[in-house]
Amino acid sequence: MLTRTGSMRERIAMYNDNTLKIGVFGANCSSSRTATQVPERWSASWPDCLKLARLADQAGIDFMLPIGRWKGYGGLTDFHGSTFETVTWACGLLAATERITVFGTVHAPLFHPLIAAKEFVTADHIGEGRFGLNIVAGWNEGEFEMFGVAQRDHEARYEFAEEWIEVVKRAWSEPGEFDFDGRFFHLAGVRAKPKPVGGTRPIIMNAGSSGTGQGFALRNCDAFFTATSASRSSLEGTAKRVEEVKSEAAKIGKDIEVFTIGQVICRPTLEEAKAYHHYANIENADWGAIERMMALRGITPQNTKPEEYAAKRQFFASNSIGGYPFVGTPDRVAEELANVSRAGVRGIAVCFVNYLDELPYFCAEVLPRLARMGLRENS
Ligand SMILES: Cc1cc2nc3c(=O)[nH]c(=O)nc-3n(C[C@H](O)[C@H](O)[C@H](O)COP(=O)(O)O)c2cc1C
């Protein structure tokens, strides 16, 4: 365990020496990342989030990454219909924990950067340097309409986000008063105190999947999230992807950590794990919500051949709306997580159908295996 002074190195290491960082993803949203109707699906209630944070903190999980979501996707369960705003959620969890890094996931176009910068500083002080920022430029039209905010075209979205994060960083670092005169913001006589803990700043990450999104992450962030696969056959592809991101970063004199996402269903036998994955993700899928998410990404029965549409629909359900399924015994899940690490990925944010039911088994069985492989400290 590192001592905590809030240095940038410590923040990026999440205050420990784990080679592979493990986080929980999406716990602030009802049903988390699995569009399922099973009765045990994640409630995302405050008592459950609080219990989860304490459990994860004590077990040595490195971070919690929430989803910035404002409007449910409909379907029988109104998937993501109930969500907590992520920075206030992070404040509550940081106050209740000691080690874990908690992110806020923030849509730049919906928050004034000076209010946002101050909220982040507040969270960072509550957590004594454990707050992290996941910045989202925006992609979901319906959500923006709800705020009466027009979505900019794709390039302009990231140009705006770039200026937005520049204002946030200046508010975090400028010792005195400053003016800002950009394309989107014209700010006079800005003062912002206190600064983040340790005279540094929260770790920043982004998960853009386009070239523009990746470029933005390389210039402005410490970590970049990308979808990968952990199967042996695709290990090479993942390693290549990590290498590509790192070498692009090196070209502009930056170092960036690559993270990925996944769903974990870990059971004593492979048969049990597979059966539960099929039961939760396929047999009880909330197909209405899945089809709506596909439509938001431009995949509809109208523009896609029937067999292709059916295959994509199955893939979306099986992969928990985008994330490799780690399904199997503790040995298998640990081996696949180790594959991700061997490919150069620094960390992974995973979801469970029900975190409180499933995380204890994962922590008891998988984390020690990863420690024995030298990928994590004993927690
Ligand atoms: C790990 C991960 C987390 C994300 N979190 C959110 C989120 O909470 N809210 C959101 O609207 N989009 C989220 N996204 C979407 C991305 O920020 C981004 O908008 C999307 O990948 C499209 O990429 P592009 O903007 O480069 O086109 C996430 C994506 C990933 C892979």
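The crossing of helices α9 and α11 is right-handed in this predicted model. Helix α9 spans residues 270-283 and helix α11 spans residues 306-318. The two pack at an angle of about 125 degrees. Their axes lie 8 Å apart. Helices α9 and α11 are therefore oblique to each other. From α9, the residues H277, N281 and I282 take part. They meet Q314, A317 and S318 of α11. By class, this contact of α9 with α11 holds two nonpolar and four polar residues. Charged residues are absent from the contact.

A second helix pair is formed by α4 and α6. Helix α4 covers residues 113-126, and helix α6 covers residues 154-173. The axes of α4 and α6 come within 9 Å and cross at roughly 50 degrees. That angle makes α4 oblique to α6. The crossing of α4 and α6 is right-handed. On the α4 side, the contact involves P113, L114, A116, A117, F120 and V121. On the α6 side, W164, V167, V168, A171 and W172 meet them. The contact of α4 with α6 comprises 11 nonpolar residues, with no polar and no charged ones.

Helix α6 also packs against the buried residues of helix α7. Helix α7 runs over residues 211-220. Seven of its 10 residues are buried, so α7 is largely enclosed by the rest of the structure. The buried positions of α7 are G213, Q214, G215, F216, A217, L218 and N220. Besides α6, their packing partners include strands β4 (131-136), β7 (203-206) and β8 (223-225). Helix α8 (235-251) is another partner of these α7 residues.

Individual buried positions were examined in two strands and one loop. T101 lies in strand β3, which spans residues 101-107. The relative accessible area of T101 is 1%, under the 20% cut-off, so T101 is buried. Beyond four places in sequence, T101 touches M14, D62, F63 and M64. R130 and G132 are also contacts of T101.

T260 belongs to strand β9, residues 257-266. T260 is buried, with a relative accessible area of 1%. With residues up to four places away in sequence left out, T260 touches F225, T226, A227 and T228. Further contacts of T260 are V340, V345, G347, I348 and A349.

A137 sits in the loop between β4 and α5 (141-147). This loop residue, A137, is buried, with a relative accessible area of 4%. Apart from neighbours within four places in sequence, A137 is in contact with P109, F144 and Q151. R157, Y158 and A161 are also in contact with A137. A137 and P368 are 231 residues apart along the chain. Their C-alpha atoms are separated by 37 Å.

At the level of the whole chain, the secondary structure comes to 13 helices and 11 strands. The radius of gyration of the protein chain is 20 Å. The globule rule gives 21 Å for 379 residues, and the value for this chain is close to that, so the chain is as compact as a globular protein of that length. Along the principal axes, the C-alpha atoms fill a box of roughly 60 × 50 × 45 Å. Buried residues account for 57% of the 379 residues. Of the contacts between residues at least 6 apart in sequence, 75% join residues at least 24 apart.

Note on methods: Residues numbered from 1 in each chain as written. Predicted model: local features only at pLDDT ≥ 70, side-chain atom pairs only at ≥ 80, totals over all residues. Heavy atoms only, no water. Buried < 20%, exposed > 50% of the residue type's maximum accessible area, 1.4 Å probe, protein only. Helix = DSSP H or I, 4+ residues; strand = E, 2+ residues; numbered from the N terminus. Contact = heavy atoms within 4.5 Å. Axes fitted to C-alpha atoms, helices over the stretch in contact; angles between N-to-C directions. Parallel < 35°, antiparallel > 145°, perpendicular 65-115°, else oblique. Left-handed = near helix turned anticlockwise from the far one by under 90°. Nonpolar A, V, L, I, M, F, W, Y, C, P; charged D, E, K, R; others polar. Rg over C-alpha atoms; globule rule 2.2 N^0.38 Å.
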